[in-house]
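Please look over the sequence and the three-dimensional view below before reading on. The paragraphs that follow go from the overall layout to the details of single residues.

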Amino acid sequence: APGKVSLLGDHADRNGGVAVTVALNRGIRLLAAKRDDDRLVAYAASFSEFHTARMDSHLAPSGHRVWHDYLRAVIHQMTLRGVKVPG
């Protein structure tokens, strides 16, 4: 599904103007499969880069604003909530 951004919010702005919502032509496609080991292996076609990590390692985001931080953050939050995430 396309994303959208509200340039001024979903309401009239402070000067009485109408807020404008525009669609974004950005998206993400994800293919996932369970592995038989304890590794996270991710590939970003946009960057032609792989990212690997052990699932038993601390998967918190690195803080360097790299593409795989989002994936690491989601897995980290799931494990904090007791969800066992396989490789």
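**A guided reading of the model**

This is a predicted model, and its chain averages a pLDDT of 78, with 67% of the residues scoring at least 70. Confidence varies along the chain: among its elements, strand E1, which covers residues 3–6, has the lowest mean pLDDT, at 58, whereas E3 has the highest, at 91. Where pLDDT is low, the predicted coordinates should not be read in detail.

The chain contains 1 helix and 4 strands, and when it is followed from the N terminus the elements come in the order β-β-β-β-α. Of the 87 residues in the chain, buried residues make up 20%.

A good place to begin is strand E3. This strand, residues 39–44, presents a covered face formed by Leu40, Ala42 and Ala44, and an uncovered face formed by Arg39, Val41 and Tyr43. In a regular strand the side chains alternate between the two faces of the sheet, and the residues just named can be followed along E3 with that in mind, from Leu40 on the covered face to Val41 on the uncovered one.

Which strand does E3 join, and how many bridges are there between the two? Strand E3 is joined by 6 bridges to strand E4, residues 49–54, and the two strands run antiparallel. Two of the pairings can be traced residue by residue: Val41 has Thr52 as its bridge partner in E4, while Ala42 stands opposite His51 in E4. Between the strands of this hairpin lie 4 residues, and within the hairpin Ser48 takes a positive phi near 55°.

The hairpin strands also bring aromatic rings into view. The structure holds 1 aromatic pair. This pair is formed by Tyr43 and Phe50, whose ring centres are 4.7 Å apart and whose planes make an angle of 50°, an arrangement that counts as tilted. Are these two residues buried or exposed? Tyr43 is partly exposed, because its relative accessible area is 45%, whereas Phe50, with a relative accessible area of 62%, is exposed because that value is over the 50% cut-off.

Charged side chains come next. A search of the whole structure finds 2 salt bridges. In one of them, Arg35 is joined to Asp37, with the closest N and O atoms 2.8 Å apart. Both residues are partly exposed, since the relative accessible area of Arg35 is 31% and that of Asp37 is 32%.

In the other salt bridge, the side chains of Asp38 and Arg54 meet at 2.9 Å, N to O. This pair links distant parts of the chain, for Asp38 sits in the loop between strand E2 (21–24) and E3, while Arg54 belongs to strand E4, 16 residues apart. Here too the residues count as partly exposed, Asp38 with a relative accessible area of 28% and Arg54 with 44% relative accessibility.

The helix, H1, spans residues 68–80, and Val74 is found in it. Val74 is partly exposed, with a relative accessible area of 33%, and together with Tyr70, Met78 and Val83 this residue makes a nonpolar surface patch of about 370 Å². Why can Val74 be counted in such a patch? Its relative accessible area of 33% lies over the 30% that patch residues need, and therefore Val74 meets that condition.

Asp69 is also placed in helix H1, but with 8% relative accessibility Asp69 counts as buried, because this value is under 20%. How far apart are the C-alpha atoms of Asp69 and His51? They are separated by 10.0 Å, although the two residues are 18 residues apart along the chain. His51 was met earlier, opposite Ala42, which gives the reader a way to look from the hairpin towards the helix.

The segment after H1 includes Lys84, a residue that is exposed, with a relative accessible area of 73%. Its C-alpha atom and that of Met55 are separated by 9.6 Å, while along the chain Lys84 and Met55 are 29 residues apart.

Definitions and conventions: Residues numbered from 1 in each chain as written. Predicted model: local features only at pLDDT ≥ 70, side-chain atom pairs only at ≥ 80, totals over all residues. Heavy atoms only, no water. Phe/Tyr/Trp six-rings, centres within 6.5 Å; stacked < 30°, edge-to-face > 60°. Buried < 20%, exposed > 50% of the residue type's maximum accessible area, 1.4 Å probe, protein only. Patch = residues over 30% accessible without salt bridge, like charges linked within 9 Å, V, L, I, M, F, W, Y side chains within 5 Å. Areas by Shrake-Rupley, 256 points an atom, 1.4 Å probe, with all protein chains shown as cover. Salt bridge = Lys/Arg side-chain N within 4 Å of Asp/Glu carboxyl O. Pairing = 2+ DSSP bridges. pLDDT = per-residue confidence, 0-100.
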